[in-house]
Amino acid sequence: MGLFWKRKNKDEFVSLGLSEARQSPQTDAQTRSAVAVKDSVAKPQPPPTSVERPFQEPVTPAEQKPASPRSPFQTSVLGLNLSMEELQAQEAALERELSARFRRAVAATRDSLSEKLDTVFQGRKQIDDQLLDELEEALIATDIGVPTTLEILDNVRRGIARKSINDIDALKQAIKDELLKILEASEREGIASETAAPDNVAPYVMMIVGVNGVGKTTTIGKLAQRIKAENNDVLICAADTFRAAASDQLAIWAERTGVPLIQQKQGTDPAAVLFDSLKAAKARGSDVLIVDTAGRLHTKSNLMSELEKMKRVAAREVEGAPHETLLVLDAVTGQNGLEQARQFLKVAGVTGIVLTKLDGTAKGGIAVAIAKELNLPIRYVGIGEQVDDLVVFDPKQYVNGLFG
């Protein structure tokens, strides 16, 4: 399991690179040489030594001092104060914690699904048509969706015909494998990772879209906090000038997270707010710009054309921007949210999904329906009320959580 945000930032050269692929000595030397050349060109004055000095001058044990609790060299981002074994133990602990949190988030869905499956499998030792029909009803009830459920069971029936599925345990495992296959296949479309854009592109622009009431503002605040916490400079653009309360809500989140907010008065052209935000982000060297947009329905043609104008402005100012257009969906709305998403896909150029309130529904199977029917990756999921309860979606953790 990696960090929440995997793009390199301007301070990454200080890192030991323990989470990156191992390089050969020759490649490593070339990288260090390239960084040194870049620094000498950018800064003709005497080279700064405050960062590199501790690594060049050996310090005897008597001279060593305990690191300050606020020292940047004590953070999990760099891990310079930890041994390899301690880092591996820390990573394993984080993975266990995430697994437990996913299990809690989908507990209602798991309980509902388990109850239905237990009823289906109770007292049965062999697989027959009646069992598969009841299994179909159980899967549809979790909002996995009719088309997705039928495809899963078609594949299961082929496995039964080949004798590769011959008992109840094998049937359960086959269903898990099918769900995981659907979720992982969706990651091959859209934008499945922020690392898809070149490292030298800055700021990385994320445009957030969706109807009002799905948790869009909260998602922006949590995204900003999580990305900033990993040593990135983040800026928020309040381009929802259509709704009076939108900027006020974002201002609260900006103050809470300590992230700068660019906003203008109600009724201002959103593209103009975005233009100012892009200029500000480039001037301050921000790593990430998160853009709020007016909560809109696909039927509002003026709002959709406004979104297209914003995208043109972004692309003109930053190469490849917006690098992601994330559609926020409320898991509680189930299949209704899926229909909203289908319409947005036609006009908004959505590259990924944020699924909020996954912990608040017994129909968490909607994640599978979204991945299958929209063929887009689920980038993040909301699994609670706290700031750190917005997490990167992990298909394996999700499926394991559904089946206990």
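**Close-up views of a predicted model**

**View 1. Helix α8 and its buried residues.** Lys-216, Thr-217, Thr-219, Ile-220, Gly-221, Lys-222, Leu-223, Ala-224, Arg-226 and Ile-227 are the residues of α8 that are buried, meaning under 20% relative accessible area with a 1.4 Å probe and protein chains only. This is a predicted model, in which local features need pLDDT of at least 70 and side-chain atom pairs count only at pLDDT 80 or more, whereas totals for chains, interfaces and linings use all residues. Residues are numbered from 1 along each chain as its sequence is written, and side-chain values use heavy atoms, with hydrogens and water left out. Helix α8 (a DSSP run of H or I, at least four residues, numbered from the N terminus) is mostly covered, with ten of its 13 residues buried. Its end C-alpha atoms are 18 Å apart, which agrees with the 18 Å that residues 216–228 should span at 1.5 Å a residue, the expected span being 1.5 Å times one less than the number of residues.

**View 2. A stacked aromatic pair.** The structure holds three aromatic pairs, defined by ring centres of Phe, Tyr or Trp (its six-membered ring) within 6.5 Å. In one of them, Phe-4 and Tyr-380 are stacked (planes under 30 degrees apart), at 5.3 Å centre to centre and 25° between the planes. Because Phe-4 lies in the segment before α1 (25–42) and Tyr-380 in strand β7 (residues 378–382), the pair ties together parts that are 376 residues apart in sequence; strands are DSSP runs of E, at least two residues. Both Phe-4 and Tyr-380 are buried.

**View 3. A tilted aromatic pair.** Phe-393 and Tyr-398 form a tilted pair, 5.4 Å centre to centre with 55° between the planes, where tilted covers what is neither stacked (under 30 degrees) nor edge-to-face (over 60). Both Phe-393 and Tyr-398 are buried.

Terms used
Buried < 20%, exposed > 50% of the residue type's maximum accessible area, 1.4 Å probe, protein only.
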